[in-house]
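Please open the model in a viewer and follow the selections below in order. Each stop indicates what to select and what is found there.

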Amino acid sequence: MPSESETIELSDDELRDIAGYAAACADRVLPVFERSLRNLPADPRPRDAVDAAYAFAAGERRTGALRQAAWAAYRAAQEASVPAAADAARAASHAAAAAYLHPKASAHQVKHILGAAAHAARAEELASGDRPRVATETLEWGGLRAAPPRTPLLPPQPPPPPPRARGGY
């Protein structure tokens with residue numbers, strides 16, 4: 001059990017703010033995933049995850065369906081044959097999972113809070129032909145939206161571990 005100094009308190013409104021932010025980041029790159037399917041049947045899993053995150057952000061209850069949507073988008077990422085599409089689906093997965101932040105202060109939570117933005121930036125960078133400036137622009141776009149009125153986007157957290165790969169996640 002974490003001590004009081006190792007916990008953060010997030011209200012439902014704060015979780016909704018964070019989920020809405022993550023959904024907006026992921027929504028930005030859904031077309032990257034959908035374009036990768038050209039001649040294949042449409043795969044709705046990432047869009048369903050983003051829609052579920054938006055619904056939670058708008059006031060719907062946090063349910064098992066929201067968690068299932070996050071996992072389904074994660075599986076879509078694993079199955080994607082195009083790296084940019086995989087990152088776009090990961091962004092969607094993080095958006096739906098944002099509703100399930102834990103009260104424990106940890107670097108892992110930073111990944112949950114910012115994962116959608118990081119994967120969206122990487123998806124756009126890959127889709128642009130690996131131009132890093134595109135990722136920077138996406139992160140700047142996300143930064144302008146990262147301070148909802150009720151919620152500091154990153155509650156006090158320990159510093160994250162060094163990234164394992166570009167994008168850190």
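Accessible areas here come from the Shrake-Rupley method with a 1.4 Å probe. On that basis, the accessible surface of the chain comes to about 9,100 Å², and 54% of this surface belongs to carbon and sulfur atoms. Please note that the model is a predicted one.

**The whole chain**

Begin with the entire chain in cartoon view. Seven helices and zero strands are present, and the pattern read along the sequence is α-α-α-α-α-α-α. The chain has 169 residues, of which 46% count as buried. Contacts between residues at least 6 apart in sequence may be considered next: 75% of them join residues at least 24 apart.

**Helix 3**

Select residues 45-57, which form helix 3. This helix has 13 residues and spans 18 Å from its first C-alpha to its last, close to the 18 Å expected at 1.5 Å a residue. Now display the side chains of helix 3 and colour the buried ones: Pro46, Ala49, Val50, Ala52, Ala53, Ala55 and Phe56.

What covers these buried residues of helix 3? The cover includes helix 1 (12-27), helix 2 (30-35), helix 4 (64-79) and helix 5 (83-97). Before leaving this region, select glycine 59, just after helix 3, where the residue takes a positive phi of about 120°.

**From helix 2 to helix 3**

Move to proline 31, which is placed in helix 2. Proline 31 counts as partly exposed because its relative accessibility is 33%, and buried would require a value under 20%. A distance drawn from the C-alpha of proline 31 to that of arginine 47 reads 9.5 Å, although the two residues are 16 apart along the chain.

Keep arginine 47 selected and add glutamate 34. Their side chains meet in a salt bridge, at 2.7 Å from N to O. Arginine 47 belongs to helix 3 and glutamate 34 to helix 2, so the pair ties together parts that are 13 residues apart in sequence. Are these two partners buried or partly exposed? Arginine 47 is partly exposed, at 31% relative accessibility, and glutamate 34 is likewise partly exposed, at 32%.

**Further salt bridges**

The structure holds six salt bridges, and two others merit a stop here. Select aspartate 43 and arginine 45, whose side chains meet in a salt bridge of 2.7 Å, N to O. Aspartate 43 has a relative accessible area of 16% and is therefore buried.

Then select aspartate 87 and arginine 90. Their closest N and O atoms are 3.8 Å apart, and the two residues form a salt bridge. Because aspartate 87 and arginine 90 are three residues apart in helix 5, about one helical turn separates them. An α-helix has 3.6 residues a turn, so residues three or four places apart point the same way. Which of the two partners is buried, and which is partly exposed? Aspartate 87 is buried, at 9% relative accessibility, whereas arginine 90 is partly exposed, at 28% relative accessible area.

For the final selection, take Asp43, Arg45 and Glu79 together: salt bridges that share partners join these residues into one network.

Definitions and conventions:
Residues are numbered from 1 along each chain as its sequence is written. This is a predicted model: local features need pLDDT of at least 70, side-chain atom pairs count only at pLDDT 80 or more; totals for chains, interfaces and linings use all residues. Side-chain values use heavy atoms; hydrogens and water are left out. Helices (H or I, at least four residues) and strands (E, at least two) are DSSP runs, numbered from the N terminus. The expected span of a helix is 1.5 Å times one less than its number of residues. Buried means under 20% relative accessible area, exposed over 50%, partly exposed in between (1.4 Å probe, protein chains only). Contact means heavy atoms within 4.5 Å. A salt bridge is a side-chain nitrogen of Lys or Arg within 4 Å of a carboxyl oxygen of Asp or Glu.
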